[in-house]
Amino acid sequence: MENENYEVIGYSFLSEESVEKHFADINILLLSGKHIDHKYYAEYTVLESYESQWRNFYSNLYKLNLVADISDRSRYYYLDFTENGKGKLSDANRNKELTELQTLIGLTLLDMYYQKYFDEEKIIRWNDIKTQILESDHQEAYKRILFNEIRDSYDEKEWSTVENKFSKTIDSFDKLGWVEKQSGRNEDLVFEIRPAIHRLTKLYQEELQNFESFSQQLKNDEVL
């Protein structure tokens, strides 16, 4: 009987008006891997207001941790696996790891985030990415992996192929809440890097500390 009362109390927050209004959006976003920050003001506010109840909800029903993380003074929420297992999203169809190319692009964006650290909004355009590839400390690794050849310049067709690969990855990262796209399908690539991109520092700490070693292990551009 005590357990039944505990469950009722634990889930009673679901009947609150604000929770009922935004429950579907919050649940879909979190279970899809989205990192929710203040850009999703309504959903973020409901999560923050009932944080302990939400944490209990996902722990009991999905065996997942609701994590409240902070990066660059910005707070955001996401779901992570418990220490005892991978929860109910461990199925390969639900839990997809980043590809090698996505990992490389993610670490590149993380580096660009730090370059714009003092900018209130970390807006990135395609020309910024081209400059990063051609002039950064890791330019040889970028060129070898993305173009399969280290040269001083590349033609328009080669750049178009690389831009297409970045665009597809940015689409994936937008769904995760790591970036926010500001360009349409047929427009030049423009997006904002969100603080949640720092999740990569936890997921790929070793690769960040040994980027050159990591990049040497990547397959050539034809495979990526």
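Tutor: Let's start with a term: buried means under 20% relative accessible area, exposed means over 50%, and partly exposed is in between (1.4 Å probe, protein chains only). By that count, 42% of the 224 residues of the protein chain are buried. This is a predicted model, where local features need pLDDT of at least 70 and side-chain atom pairs count only at pLDDT 80 or more, while totals for chains, interfaces and linings use all residues. Residues are numbered from 1 along each chain as its sequence is written, and side-chain values use heavy atoms, with hydrogens and water left out.

Student: How many helices and strands are there in the protein chain?

Tutor: There are 11 helices and five strands. Helices (H or I, at least four residues) and strands (E, at least two) are DSSP runs, numbered from the N terminus.

Student: Why is L104 called buried?

Tutor: Its relative accessible area is 1%, and the cut-off for buried is under 20%, so L104 counts as buried. L104 lies in helix α5.

Student: Which residues is L104 in contact with, leaving aside its neighbours within four places in sequence?

Tutor: Contact means heavy atoms within 4.5 Å. On that basis L104 touches Y142, I145, L146, F211, F214 and L218. Also, L104 and E207 are 103 residues apart along the chain, yet their C-alpha atoms are separated by 9.4 Å. As for the whole chain, take the contacts between residues at least 6 apart in sequence: 60% of them join residues at least 24 apart.

Student: What makes α5 roughly perpendicular to α6?

Tutor: The axes of α5 (residues 100–115) and α6 (residues 126–135) cross at roughly 105° and come within 11 Å. Axes here are lines fitted to C-alpha atoms, for helices over the stretch in contact, with angles running from 0 to 180 degrees between N-to-C directions. Angles of 65 to 115 degrees count as roughly perpendicular, under 35 as roughly parallel, over 145 as roughly antiparallel, and the rest as oblique. That makes α5 roughly perpendicular to α6. In this contact, α5 brings T108, D111, M112 and Q115, while α6 brings D128, I129 and Q132.

Student: How do the residues of the contact of α5 with α6 divide?

Tutor: Two are nonpolar, three polar and two charged. Ala, Val, Leu, Ile, Met, Phe, Trp, Tyr, Cys and Pro count as nonpolar, Asp, Glu, Lys and Arg as charged, and the others, Gly among them, as polar.

Student: D128 is in α6, so is D128 buried, partly exposed or exposed?

Tutor: Partly exposed: D128 has 28% relative accessibility, which falls between the cut-offs for buried and exposed. Leaving aside neighbours within four places in sequence, D128 is in contact with M112, K116 and I123.

Student: And what makes α6 roughly perpendicular to α7?

Tutor: Their axes cross at roughly 110° and come within 6 Å. That angle lies in the 65 to 115 range, which makes α6 roughly perpendicular to α7. Q132, I133, L134 and E135 of α6 meet Q139, Y142, K143, L146 and F147 of α7. The split here is five nonpolar, two polar and two charged.

Student: What covers the buried residues of α7?

Tutor: The cover includes α5, α6, α8 and α11. The buried residues themselves are A141, Y142, K143, I145, L146 and F147.

Student: How do you know that the largest nonpolar core lies between domain 1 and domain 2?

Tutor: A nonpolar core is a set of buried Ala, Val, Leu, Ile, Met, Phe, Trp, Tyr and Cys residues joined through side-chain atoms within 4.5 Å. The largest has 40 residues, and L109, I129, I133, L146, F166 and F191 have the most contacts inside it. α5 gives the most to this core, with eight residues. Domain 1 (12–80) and domain 2 (100–217) both give residues to this core, so the core lies between them. The domain bounds come from an automatic or database domain assignment. A second, separate core has 18 residues, including Y11, I36, Y58 and Y77.

Student: D72 is in the loop between β1 and β2; why does D72 count as buried?

Tutor: D72 has 18% relative accessibility, and that is under the 20% cut-off, so D72 counts as buried. R73, found in that loop too, has 72%, which is over 50%, so R73 counts as exposed. Both have a positive phi without being glycine: about 50° for D72 and near 65° for R73.
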